[in-house]
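Work through the following exercises with the sequence and the model at hand. Each task is followed by a solution in steps.

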Amino acid sequence: MKDLLKTNVFDVEEIMIVVGSCLSSMQPKAYEELEKISNNIYEVCLEKEHMNMVVTKIIGMLARGKVKELIFATVDKSPHCVQLHYVVKELENAINLENINIKNYVAVDNRLVEIPMEIIGLSKNLAKLKGKME
């Protein structure tokens with residue numbers, strides 16, 4: 001696993017996986033599922049780093065045009081890690097992502113659960129989420 005913020009922007013492959021740094025120790029079997037997809041895995045801790053730094057770094061990496069698939073994976077229920085899933089919308093505001101397949105996963109009980117972007121968007125809009133639950 002590579003440290004996202006210490007990695008050269010040219011060090012990317014077709015599949016890029018960005019994980020919360022605690023994923024491998026807290027959910028090791030889920031992490032192994034990601035390794036089966038690609039060994040091009042970058043870690044970042046959003047308790048330590050600001051989300052804007054992560055967004056800027058990923059923009060630089062994606063701008064090289066090599067990445068075809070971008071995967072975000074975190075442990076579930078972390079208020080810090082959930083921010084990693086919000087990076088996608090920030091990326092969309094900055095660059096064209098139409099040629100990149102993007103997936104989001106949370107790890108629960110040592111397995112990966114794919115989370116649709118609609119759910120991630122709702123998690124940022126508490127009033128709308130409340131309305132859907134009523």
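Buried means under 20% relative accessible area, exposed over 50%, and partly exposed in between (1.4 Å probe, protein chains only). The model is predicted, so local features need pLDDT of at least 70 and side-chain atom pairs count only at pLDDT 80 or more, while totals for chains, interfaces and linings use all residues. Residues are numbered from 1 along each chain as its sequence is written, and side-chain values use heavy atoms, with hydrogens and water left out.

**Exercise 1. The chain as a whole**

Task: State how many helices and strands the chain has, and in what order the elements run.

Solution.
- Step 1. Helices (H or I, at least four residues) and strands (E, at least two) are DSSP runs, numbered from the N terminus.
- Step 2. The chain has six helices and six strands.
- Step 3. Read from the N terminus, the order is β-β-α-α-β-α-β-α-β-β-α-α.
- Step 4. The radius of gyration of the chain is 14 Å, close to the 14 Å that the globule rule gives for 134 residues, so the chain is as compact as a globular protein of that length. The radius is taken over C-alpha atoms, and the rule is 2.2 Å times the number of residues to the power 0.38.
- Step 5. The C-alpha trace spans about 45 × 35 × 25 Å along its principal axes.
- Step 6. Of the 134 residues, 40% count as buried.
- Step 7. Contact means heavy atoms within 4.5 Å. Among contacts between residues at least 6 apart in sequence, 72% join residues at least 24 apart.

**Exercise 2. Positive phi outside glycine**

Task: For K77 and N110, give phi, the location and the exposure.

Solution.
- Step 1. K77 is not a glycine, yet its phi is positive, near 80°.
- Step 2. K77 sits in the loop between strand 4 (69-75) and helix 4 (82-94). With a relative accessible area of 77%, K77 is exposed.
- Step 3. N110, also a residue other than glycine, has a positive phi of about 65°.
- Step 4. N110 belongs to the loop between strand 5 (101-108) and strand 6 (111-114). Its relative accessibility is 26%, so N110 counts as partly exposed.

**Exercise 3. The two sides of helix 2**

Task: Find which residues of helix 2 are buried and what covers them.

Solution.
- Step 1. In helix 2 (residues 28-37), the buried residues are A30, Y31 and L34.
- Step 2. These residues lie on the same side of helix 2 because they cover an arc of only 100° around the axis. The arc is that of the directions from the helix axis to the C-beta atoms.
- Step 3. An α-helix has 3.6 residues a turn, so residues three or four places apart point the same way.
- Step 4. The face turned away from the buried side carries the exposed residues K29 and K36.
- Step 5. The cover of the buried residues includes strand 2 (15-20), helix 1 (23-26), strand 3 (41-44), strand 4, strand 5 and strand 6.

**Exercise 4. Helix 4 and M51**

Task: List the buried residues of helix 4, then place M51 and its contacts.

Solution.
- Step 1. L84, H85, Y86, V87, V88 and L91 are the buried residues of helix 4.
- Step 2. Among the elements covering them are helix 3 (51-62) and helix 5.
- Step 3. M51 is a residue of helix 3, and at 13% relative accessibility M51 counts as buried.
- Step 4. Neighbours within four places in sequence aside, M51 is in contact with L46, Q83, Y86, V87 and E90.
- Step 5. M51 and Q83 are 32 residues apart along the chain, and their C-alpha atoms are separated by 7.1 Å.

**Exercise 5. The loop residue S21**

Task: Locate S21 and name its contacts.

Solution.
- Step 1. S21 lies in the loop between strand 2 and helix 1. S21 counts as partly exposed, at 24% relative accessibility.
- Step 2. Apart from neighbours within four places in sequence, S21 is in contact with E43, V44 and C45.
- Step 3. From S21 to V44 the separation is 23 residues in sequence and 5.2 Å in space, C-alpha to C-alpha.
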